[in-house]
Amino acid sequence: MSKRKADCTPEEWSAFLAKGRQQRAANLGRYRAYDKKRWQDPKRKRYMRMTRVKQLYGIDETEYRGVLALQQGACAVCGRPLDDGKHTHVDHRHKTQKVRGLLWRACNQSEGHIRGAGLTPEECGKRLAEY
C-alpha cells in the first residue's frame, strides 16, 4: 500500500522509506532485471526522447516528424540520412529555443565550435578551402 508524505508523521515516513529500501535490497536482482528491460524498450526510449524534445524545444512528435520530412530525412548541414536516434540533435537558437533543423551530433558540435570561435560558417568554409 502506498502512502503520502502529507498523511504521515516524520517517523512513519522514515519507517516507510526504510522498508522500501530493505525490500529493494532483498530483491536487487529482480529490480535490476526489470529496470534494464524497461529502459531498453524501444517504445519507452522513443517516448522519453520525444518528451524531452517537447520540454526543451516546445515541439511535439508531429512537428519533429514534419521537420524531418522537410529535410527529406537528411542532416541540415551535411545532407547524410539521419537515423532518428540518439545521434540526431535538434539544432536551435539558444536565445529563443526556436528549432532550426535536425543535425547529426558531429555537425551540431562542429557548428558550435565554429560559432564559439567567432566565425561564421561562410568564413570557416573559406578558410578550409584555402587550407
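**Contacts, hairpin and overall form of the predicted chain**

Apart from residues up to four places away in sequence, Met50 touches Glu61 and Tyr64. This contact pattern, like every other value reported here, is taken from a predicted model. Met50 belongs to helix 3, which covers residues 42-57. The residue has a relative accessible area of 7%, and it is therefore classed as buried, the limit for that class being under 20%. With respect to the turn residue Gln97, Met50 is 47 residues away in sequence, and the two C-alpha atoms are separated by 16 Å.

The secondary structure of the protein chain comprises six helices and two strands. In sequence order these elements follow the pattern α-α-α-α-β-β-α-α, in which the two strands stand between four helices on the N-terminal side and two on the C-terminal side. The C-alpha trace extends over about 70 × 30 × 30 Å along its principal axes. The radius of gyration of the protein chain is 23 Å, whereas a compact globule of 131 residues would have a value near 14 Å. Of the 131 residues, 20% are buried. Contacts between residues at least 6 apart in sequence were also examined, and 30% of these join residues at least 24 apart.

The surface was characterised by area and by charge. The exposed area of the protein chain is about 10500 Å², and carbon and sulfur atoms account for 55% of this area. Positive side chains number 29 and negative side chains 15. The centres of these two sets are 6 Å apart.

The two strands pair with each other. Strand 1 (residues 88-92) and strand 2 run antiparallel and are joined by five bridges. Among the bridged residues, Thr88 has Trp104 as its partner in strand 2, and His89 is partnered by Leu103 of strand 2. Together the strands form a hairpin in which six residues separate strand 1 from strand 2. Burial was assessed for each strand in turn. In strand 1, four of the five residues are buried, and this strand is mostly covered. Strand 2 spans residues 99-104, and five of its six residues are buried, so this strand is largely enclosed by the rest of the structure.

Backbone geometry was considered next. Most residues other than glycine have a negative phi. Gln97, although not a glycine, departs from this pattern with a positive phi near 65°. Gln97 is located in the loop between strand 1 and strand 2, where it forms part of the turn of the hairpin. Its relative accessible area is 33%, and Gln97 is therefore partly exposed, lying between the limits of 20% and 50%. A positive phi is also found at Gln72, another residue that is not a glycine, with a value of about 55°. Gln72 is placed in the loop that links helix 4 (61-70) to strand 1. With a relative accessibility of 73%, Gln72 counts as exposed, because exposed residues are those over 50%.

The loop between helix 4 and strand 1 also contains Pro81. Pro81 has a relative accessible area of 62% and is exposed. When neighbours within four places in sequence are set aside, the contacts of Pro81 are with Gly73, Ala74 and Trp104. One of these partners, Trp104, is the strand 2 residue bridged to Thr88. Pro81 and Gln71 are ten residues apart in sequence, and their C-alpha atoms are 9.5 Å apart in space.

Towards the N terminus, Lys3 is positioned in the segment before helix 1 (10-26). Its relative accessible area of 41% places Lys3 in the partly exposed class. Beyond the residues up to four places away in sequence, Lys3 touches Cys8, Trp13 and Phe16. A separation of 59 residues in sequence lies between Lys3 and Thr62, and the corresponding C-alpha to C-alpha distance is 38 Å.

How values were computed:
Residues numbered from 1 in each chain as written. Predicted model: local features only at pLDDT ≥ 70, side-chain atom pairs only at ≥ 80, totals over all residues. Heavy atoms only, no water. Buried < 20%, exposed > 50% of the residue type's maximum accessible area, 1.4 Å probe, protein only. Pairing = 2+ DSSP bridges. Rg over C-alpha atoms; globule rule 2.2 N^0.38 Å. Contact = heavy atoms within 4.5 Å. Areas by Shrake-Rupley, 256 points an atom, 1.4 Å probe, with all protein chains shown as cover. Lys, Arg positive; Asp, Glu negative; His and termini not counted. Charge placed at Lys NZ, Arg CZ, Asp CG, Glu CD.
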